[in-house]
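Here's a short set of exercises to work through with the model open in your viewer. Try each task before you read its solution.

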Amino acid sequence: MALELSGKLIKKMSEVTGTGRNGTNWVKQEFVLETQDQYPKKVCMSVWGDKTQDLAPIQEGEIVKVQFNVESREYNERWYTEIRAYRLDRSGASAPAPTQDNAGWAPSATAAAPANNFPPLAAESGDDLPF
């Protein structure tokens with residue numbers, strides 16, 4: 001499941017590092033995007049590993065298009081959800097805002113308009129029965 005969101009980068013948190021159970025080192029950086037909707041929403045996302053280098057040159061205030069996955073896991077009978085970004089594209093400040101028809105989610109390039117396969121209305125078919 002690949003998802004996409006465009007918005008303004010409003011905050012970059014500092015990198016967090018650690019060592020996993022198997023002895024490998026890891027690095028994670030979180031950032032906050034604000035959608036360009038009528039009612040803007042703030043979304044906290046994270047990048048892991050070498051993807052933190054993709055976030056480094058992007059400045060706060062820039063418009064960014066992010067492709068991400070959502071994952072949840074359980075720990076001690078509680079569920080934790082994380083939004084992991086795997087691709088960051090700078091759109092630039094002059095880039096047009098995404099279509100706002102679906103609450104800030106940018107439509108995919110392959111999405112087509114739904115076909116209108118409704119039967120004709122009663123007035124159009126000459127039949128005045130409602131069923």
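**Exercise 1. Strand partners**

Which residue in strand 3 stands opposite Lys-8? Then work out how strand 1 pairs with its neighbours.

Solution. Keep in mind that this is a predicted model. Begin with the register: Lys-8 faces Glu-34 in strand 3. Next, look at the direction: strand 1 and strand 3 run antiparallel, and four bridges join them. Now turn to strand 5, which is also antiparallel to strand 1, with six bridges between the two. There, Ser-6 is the residue that stands opposite Lys-65. Strand 1 itself covers residues 3-12.

**Exercise 2. The overall layout**

In what order do the elements run from the N terminus on? Add some overall numbers once you have the order.

Solution. Count the elements: you should get two helices and six strands. Then put them in order, which gives β-β-β-β-α-β-β-α. For burial, take the 131 residues of the protein; 25% of them are buried. For the surface, the protein exposes about 9600 Å², and carbon and sulfur atoms supply 52% of that. Finally, take contacts between residues at least 6 apart in sequence: 52% of these join residues at least 24 apart.

**Exercise 3. Into the core**

Which residues of the largest nonpolar core touch the most other members? Follow one of them outwards.

Solution. This core has 14 residues, and the ones touching the most other members are Phe-31, Met-45, Val-47, Val-64, Val-66, Ala-85 and Leu-88. As for where the core comes from, strand 1, strand 3, strand 4, strand 5 and strand 6 each give two or more residues to it. Now pick Val-64 and skip anything up to four places away in sequence: its contacts include Leu-5, Leu-9, Leu-33, Ile-58 and Leu-88. The list for Val-64 also takes in Ser-6, Gly-7, Asp-89 and Ser-91.

**Exercise 4. Charge pairs**

How many salt bridges does the count come to? Go through three of them and check how covered each partner is.

Solution. Side chains of opposite charge can pair when their charged atoms come close. The count here is seven salt bridges.

- Step one: Glu-62 and Arg-90 pair at 3.0 Å, N to O. Glu-62 sits in the loop between helix 1 (52-55) and strand 5 (63-75), while Arg-90 belongs to strand 6 (residues 78-90), so this pair ties together parts 28 residues apart in sequence. Glu-62 is buried, since its relative accessible area of 18% is under 20%. Arg-90, at 47%, is partly exposed.
- Step two: Glu-82 and Arg-84 form a salt bridge, with their closest N and O atoms 3.2 Å apart. Glu-82 is buried at 9%, whereas Arg-84 is partly exposed at 32%. Shared partners join Lys-28, Glu-30, Arg-73, Glu-82 and Arg-84 into one network of salt bridges.
- Step three: Asp-54 and Lys-51 meet at 4.0 Å, N to O, and the cut-off is within 4 Å. Both partners are partly exposed: Asp-54 at 35% and Lys-51 at 30%.

**Exercise 5. One aromatic pair**

Is the pair formed by Trp-26 and Trp-48 stacked, tilted or edge-to-face?

Solution. A pair of aromatic rings is described by the distance of the centres and the angle of the planes. The structure holds one such pair. For Trp-26 and Trp-48, the centres are 5.5 Å apart and the planes make an angle of 45°, which is tilted. Now place the partners: Trp-26 is in strand 3 (residues 25-34) and Trp-48 in strand 4 (residues 42-48), 22 residues apart, and the pair links distant parts of the chain. Trp-26 is partly exposed at 32%, as is Trp-48 at 26%.

**Exercise 6. Backbone oddities**

What sign does phi have at Asn-76, and what sign at Glu-77?

Solution. Most residues other than glycine have a negative phi. Asn-76 has a positive phi near 55°, and Glu-77 has a positive phi of about 60°. To locate them, look at the loop between strand 5 and strand 6, where you'll find Asn-76 and also Glu-77. For accessibility, Asn-76 is exposed at 61% and Glu-77 is exposed at 73%.

Terms used. Residues numbered from 1 in each chain as written. Predicted model: local features only at pLDDT ≥ 70, side-chain atom pairs only at ≥ 80, totals over all residues. Heavy atoms only, no water. Salt bridge = Lys/Arg side-chain N within 4 Å of Asp/Glu carboxyl O. Buried < 20%, exposed > 50% of the residue type's maximum accessible area, 1.4 Å probe, protein only. Phe/Tyr/Trp six-rings, centres within 6.5 Å; stacked < 30°, edge-to-face > 60°. Pairing = 2+ DSSP bridges. Core = buried A, V, L, I, M, F, W, Y, C linked by side-chain atoms within 4.5 Å. Contact = heavy atoms within 4.5 Å. Areas by Shrake-Rupley, 256 points an atom, 1.4 Å probe, with all protein chains shown as cover.
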